[in-house]
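Subject: Structure for your review

Dear colleague,

Please find below the structure that I am handing over to you. My findings follow directly after it.

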Amino acid sequence: MQLYKAVKDLRIADVELTGSWEKSLADIECGAMSAETFMKTIEVYTRQITEEVLSLDVKQPHADAVECPKCHRGNMTIRHKIAKCGNDKCGLVVASIREKYLTRFAGERNLNGDQLMEMLNISRRTLQDYRDRGIIPYTSIGGKFLYKVE
């Protein structure tokens, strides 16, 4: 979603582009344009959009940006067996993520949504909001969301 927001107003997201390419291909078919001219146009376009995209400053979501459910001032850091608030005055620690409850995917340990909601004491909707806003990284597999444990 962050990438789409970053490029939606650039040439790469122009919906009229495919229409112009289809017209050019039709012109090539009827002999009104050469394939070489079309390919040079594509090459110039590709160079321009690549420069546009590479010049973007897209902010990356941080794994530790989940707000503490207790103090609402610190950010929760999720580690191997605990989740901890970064606000020293709060000190919320959710301990004892048991290894047997972790889901393994691609050699990494992950929590499922229910486990993370329980650990952070948040609702399903709040967790969805965190995903939508890019606050918490996740992997989606077959409609299931997994959250990597550091």
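Is lysine 23 buried or exposed? Lysine 23 is exposed, its relative accessible area being 53%. Please bear in mind that this is a predicted model.

Salt bridge in helix H2

The side chain of lysine 23 forms a salt bridge with that of aspartate 27, with an N to O distance of 3.0 Å. The two residues are 4 positions apart in helix H2, so about one helical turn separates them. Aspartate 27 has a relative accessibility of 19% and therefore counts as buried, because the limit for that class is under 20%. The pair thus joins a buried aspartate to an exposed lysine.

Packing of H2 against H3

Two packed helices are described by the angle between their axes and the distance between the axes. Helix H2 comprises residues 16–29 and helix H3 residues 35–54. Their axes come within 9 Å and cross at roughly 160°. An angle over 145 degrees counts as roughly antiparallel, and H2 and H3 are therefore roughly antiparallel to each other.

On the H2 side, the contact involves Leu17, Trp21, Ser24, Leu25 and Ile28. The residues that they meet in H3 are Ala35, Phe38, Ile42 and Tyr45. By class, the residues of this contact comprise 8 nonpolar and 1 polar, with no charged residue.

Salt bridge in helix H3

Side chains of opposite charge can pair when their charged atoms come close. Helix H3 provides an example in arginine 47 and glutamate 43, whose side chains meet in a salt bridge at 3.1 Å, N to O. Both residues lie in H3, 4 residues apart, which is about one turn of the helix. Arginine 47 is partly exposed at 44% relative accessibility, and glutamate 43 is likewise partly exposed, with a relative accessible area of 47%.

Salt bridge between H4 and H5

A further salt bridge is formed by arginine 124 and aspartate 114, whose closest N and O atoms are 2.8 Å apart. This pair links distant parts of the chain: arginine 124 belongs to helix H5 (residues 124–132) and aspartate 114 to helix H4 (residues 113–120), with the two positions 10 residues apart in numbering. Arginine 124 is exposed, with a relative accessible area of 55%, whereas aspartate 114 is partly exposed at 45%.

In total, the count comes to 4 salt bridges, among them the pairs described above.

Yours sincerely

Terms used: Residues numbered from 1 in each chain as written. Predicted model: local features only at pLDDT ≥ 70, side-chain atom pairs only at ≥ 80, totals over all residues. Heavy atoms only, no water. Axes fitted to C-alpha atoms, helices over the stretch in contact; angles between N-to-C directions. Parallel < 35°, antiparallel > 145°, perpendicular 65-115°, else oblique. Contact = heavy atoms within 4.5 Å. Nonpolar A, V, L, I, M, F, W, Y, C, P; charged D, E, K, R; others polar. Buried < 20%, exposed > 50% of the residue type's maximum accessible area, 1.4 Å probe, protein only.
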